[in-house]
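User: Please take a close look at the helix packing in this model. I am in my first year, so give the cut-off for each term when it comes up.

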Amino acid sequence: GSLLQSDALIRGGFSSLQLIVTDFLPLLPPLCLPVCLEVISKYGLQEQDLNISLSSIGLMWNIADYLNQHQSTVQLEMESLRNTTLNVTISSSLFLQSLPHNS
């Protein structure tokens, strides 16, 4: 019943995550890496499938290796995202200040 469905969902979800990390990691925005690591750690902590728990460790190593090899690129992209976010926040704030205030 539901335990079999749960097992199938865990395996299917992990397969998708594994594909992303092993084949598409360079295409993942750096801002998504912390979320990706959090999801991997949750798969590592689940107790229904020991192989998935152990494979999660390998995915963590894949990300650590990727970050080590592309450290400067990831740092530049994160800095660019921070600057863009800051510019949008400042622009929004200035726009809101320019609106007429109702007294």
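Analyst: The axes of α2 and α3 come within 8 Å of each other and cross at roughly 155 degrees. This makes α2 roughly antiparallel to α3. Axes here are lines fitted to C-alpha atoms, for helices over the stretch in contact, and angles run from 0 to 180 degrees between N-to-C directions. Angles under 35 degrees count as roughly parallel, over 145 as roughly antiparallel, 65 to 115 as roughly perpendicular, and the rest as oblique. The helices themselves are DSSP runs (H or I, at least four residues; strands are E, at least two), numbered from the N terminus.

The model is predicted: local features need pLDDT of at least 70 and side-chain atom pairs count only at pLDDT 80 or more, while totals for chains, interfaces and linings use all residues. Residues are numbered from 1 along each chain as its sequence is written, and side-chain values use heavy atoms, with hydrogens and water left out.

The crossing of α2 and α3 is left-handed (the near helix is turned anticlockwise from the far one by less than a right angle; clockwise would be right-handed). On the α2 side, the contact (heavy atoms within 4.5 Å) is made by L33, C36, L37, I40, S41, Y43 and G44. On the α3 side, I52, S53, S56, L59, M60, I63 and L67 take part. By class, the residues of this contact divide into ten nonpolar, four polar and no charged. Ala, Val, Leu, Ile, Met, Phe, Trp, Tyr, Cys and Pro count as nonpolar, Asp, Glu, Lys and Arg as charged, and the others, Gly among them, as polar.

Helix α1 also packs on α3. Their axes come within 10 Å and cross at roughly 20 degrees, so α1 is roughly parallel to α3. The crossing of α1 and α3 is left-handed. From α1, the residues I10, R11, F14, L17, Q18, V21 and T22 meet I52, S55, S56, L59, N62 and I63 of α3. This contact of α1 with α3 has seven nonpolar, five polar and one charged residues. Of the α3 residues, I52, S56, L59 and I63 are listed in the contact with α1 and in the contact with α2.

The remaining pair to describe is α1 with α2. Their axes are 11 Å apart and the helices pack at an angle of about 140 degrees, so α1 and α2 are oblique to each other. The crossing in which α1 passes α2 is left-handed. Here I10, G13, F14, L17 and V21 of α1 meet C36, V39, I40 and Y43 of α2. The classes are eight nonpolar, one polar and no charged residues. I10, F14, L17 and V21 belong to this contact with α2 and to the contact with α3.

The loops between these helices can be placed next. L28 lies in the loop between α1 and α2. At 21% relative accessibility, L28 counts as partly exposed (buried is under 20% relative accessible area, exposed over 50%, partly exposed in between; 1.4 Å probe, protein chains only). Apart from neighbours within four places in sequence, L28 is in contact with I20, L33 and C36.

The next loop holds one end of a salt bridge (a side-chain nitrogen of Lys or Arg within 4 Å of a carboxyl oxygen of Asp or Glu). The structure holds one such pair: the side chains of R11 and D49 meet at 3.5 Å, N to O. R11 sits in helix α1 (residues 2-23) and D49 in the loop between α2 (33-45) and α3 (50-69), so the pair links parts of the chain 38 residues apart. R11 is partly exposed, with a relative accessible area of 43%, whereas D49 counts as buried at 14%.

L3 is another residue of helix α1, and is exposed, with a relative accessible area of 55%. L3 and Q48 are 45 residues apart in sequence, and their C-alpha atoms are 9.3 Å apart in space.

For the chain as a whole, there are four helices and zero strands, in the order α-α-α-α along the sequence. Of the 103 residues, 19% count as buried. Among contacts with a separation of 6 or more, 61% are between residues 24 or more positions apart.
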